[in-house]
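Here are my notes on the model you sent over, set out as numbered points. I hope they are handy to have beside the viewer.

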Amino acid sequence: MSTQSCYPEVLLNLVRQACYSSCSATHRKLVEDAEKLELEPSFIPILWACITNTLCPANTCDNMRVMAAILLKNCLQKVIKGDVELDHELLTTLCREVQNYIELENHCLEKQLCTIFGLLVLRCWPKQWPELVPTLVSQLTEVSRGSQPPWLAVHLLGRVHEALGHLSTRLHCPAYAQLYGELCWSLFSPIMKVWVPTLRDINSSLASHPLPQVVTSESVSSLTFPRDLDSERIFCLATRT
């Protein structure tokens with residue numbers, strides 16, 4: 001994503017000041033000033049470059065990355081409400097970028113990324129994000145086959161949990177209820193195949209990759225599926241090869 005249209009140093013400076021402001025009123029003012037740049041074509045690309053630490057690595061601290069993620073999350077919430085319009089291609093690119101990026105060290109940042117992931121699913125899937133489910137299935141399958149480490153499943157399940165959580169807020173709408181069901185059925189089998197062995201191996205993995213605060217065994221086990229699931233069908237899905 002290009003970052004040329006908006007002055008990166010202006011936005012980054014606001015993000016930096018907001019991180020270190022000890023006065024709540026000043027903090028709010030800085031955030032508001034940053035949000036005034038939301039309509040700039042490169043507002044989101046600059047924030048994403050800050051989040052991934054690819055814009056100015058030497059001058060970007062972890063707190064700035066979290067602050068940038070919060071601003072991005074707030075912007076997407078406005079997009080969903082219809083208060084802000086973003087370019088179709090920009091959103092599509094952001095979906096791919098977010099799905100392919102997982103933060104391993106900064107758990108506060110990954111928590112924000114999980115929320116961003118859920119908001120993007122609510123806004124963009126499936127029309128602007130047709131590869132969402134195939135990519136998730138592929139990632140989970142690689143973990144179940146041992147091609148990827150177990151801790152990756154924990155991050156992926158945290159994002160699935162957020163996606164279902166955001167879709168569940170629209171279950172009163174038949175179209176969203178259908179999407180919720182499709183996502184559940186599409187991911188049920190790969191989730192079941194990866195979660196049991198992941199639970200068995202997770203303790204050894206946590207030594208080098210601590211469990212993010214956003215994802216716990218309780219939060220993953222609370223993934224909600226339609227209540228009318230047939231037990232025999234569930235078993236077939238979970239054991240299907």
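1. Let me begin with Asn106. In this predicted model, the side chain of Asn106 comes to 3.3 Å from the backbone nitrogen of Cys108. Asn106 sits in the loop that links helix 5 (88-100) to helix 6 (107-124). Its relative accessibility is 10%, and because the cut-off for buried is under 20%, Asn106 counts as buried. Once neighbours within four places in sequence are set aside, Asn106 is in contact with Asp62 and Val66.

2. A second buried loop residue is worth a look: Glu38, at 6% relative accessibility. Glu38 belongs to the loop between helix 2 and helix 3. What does the side chain of Glu38 make a polar contact with? The partner is the side chain of Lys78, at 3.2 Å. Apart from neighbours within four places in sequence, the residues in contact with Glu38 are Phe43, Cys75, Lys78, Val84 and Leu86. Phe43 in that set is also one of the buried residues of helix 3, which brings me to the next point.

3. How many of the nine residues of helix 3 are buried? The count is nine of the nine, so helix 3 is largely enclosed by the rest of the structure. The buried residues are Phe43, Ile44, Pro45, Ile46, Leu47, Trp48, Ala49, Cys50 and Ile51. The cover over them includes helix 1 (8-20), helix 2 (24-35), helix 4, helix 5 and helix 6.

4. Of those covering elements, helix 4 deserves its own paragraph. Helix 3 (residues 43-51) packs with helix 4 (residues 62-81) at an angle of about 145 degrees, and the two axes are 8 Å apart. The crossing of helix 3 past helix 4 is left-handed. On the helix 3 side, the contact is made by Phe43, Ile44, Leu47, Trp48, Cys50 and Ile51. On the helix 4 side, the contributors are Met64, Arg65, Ala68, Ala69, Leu71, Leu72 and Cys75. Sorted by class, this contact has 12 nonpolar residues, no polar ones and one charged one. Cys75 links back to point 2, as it is among the residues in contact with Glu38.

5. If you check backbone torsions, please stop at Asn53. This residue comes just after helix 3 and lies in the loop between helix 3 and helix 4. Its phi is near 60 degrees, a positive value in a residue other than glycine. Is Asn53 buried or partly exposed? With 26% relative accessibility, Asn53 counts as partly exposed.

6. Another backbone detail concerns Trp125 and Pro126. The peptide bond from Trp125 to Pro126 is cis, with omega near 5 degrees. Pro126 is placed in the loop between helix 6 and helix 7 (132-144).

7. Leu156 is a good residue to centre the view on. It is part of helix 8 (residues 150-168), and it is buried, with a relative accessible area of 2%. Leaving aside neighbours within four places in sequence, Leu156 is in contact with Ile102, Leu136, Gln139 and Leu140. The C-alpha atom of Leu156 is 9.0 Å from that of Cys114, although 42 residues separate them along the chain.

8. That leads to the cysteines. Cys114 is buried, with a relative accessible area of 0%, whereas Cys173 is partly exposed at 26%. How many disulfides does the structure hold? The number is zero. As a reminder, a disulfide is a covalent bond between the sulfur atoms of two cysteines.

9. Finally, the overall picture. The protein chain has 11 helices and zero strands, so the pattern along the sequence is simply one α after another, α-α-α-α-α-α-α-α-α-α-α. Of the 241 residues in the chain, 47% count as buried. Among contacts in the chain with a separation of 6 or more, residues 24 or more positions apart account for 75%. The pair of Leu156 and Cys114, 42 residues apart along the chain with C-alpha atoms separated by 9.0 Å, is a handy place to pick up the thread in the viewer.

Technical notes. Residues are numbered from 1 along each chain as its sequence is written. This is a predicted model: local features need pLDDT of at least 70, side-chain atom pairs count only at pLDDT 80 or more; totals for chains, interfaces and linings use all residues. Side-chain values use heavy atoms; hydrogens and water are left out. Axes are lines fitted to C-alpha atoms, for helices over the stretch in contact, and angles run from 0 to 180 degrees between N-to-C directions. Helices (H or I, at least four residues) and strands (E, at least two) are DSSP runs, numbered from the N terminus. A crossing is left-handed if the near helix is turned anticlockwise from the far one by less than a right angle, and right-handed if clockwise. Contact means heavy atoms within 4.5 Å. Ala, Val, Leu, Ile, Met, Phe, Trp, Tyr, Cys and Pro count as nonpolar, Asp, Glu, Lys and Arg as charged, and the others, Gly among them, as polar. Buried means under 20% relative accessible area, exposed over 50%, partly exposed in between (1.4 Å probe, protein chains only). A polar contact is a pair of N or O atoms within 3.5 Å; within protein, one must be able to donate a hydrogen and the other to accept it, and residues adjacent in sequence count only if both atoms are side-chain atoms. A disulfide is a pair of cysteine sulfur atoms within 2.5 Å.
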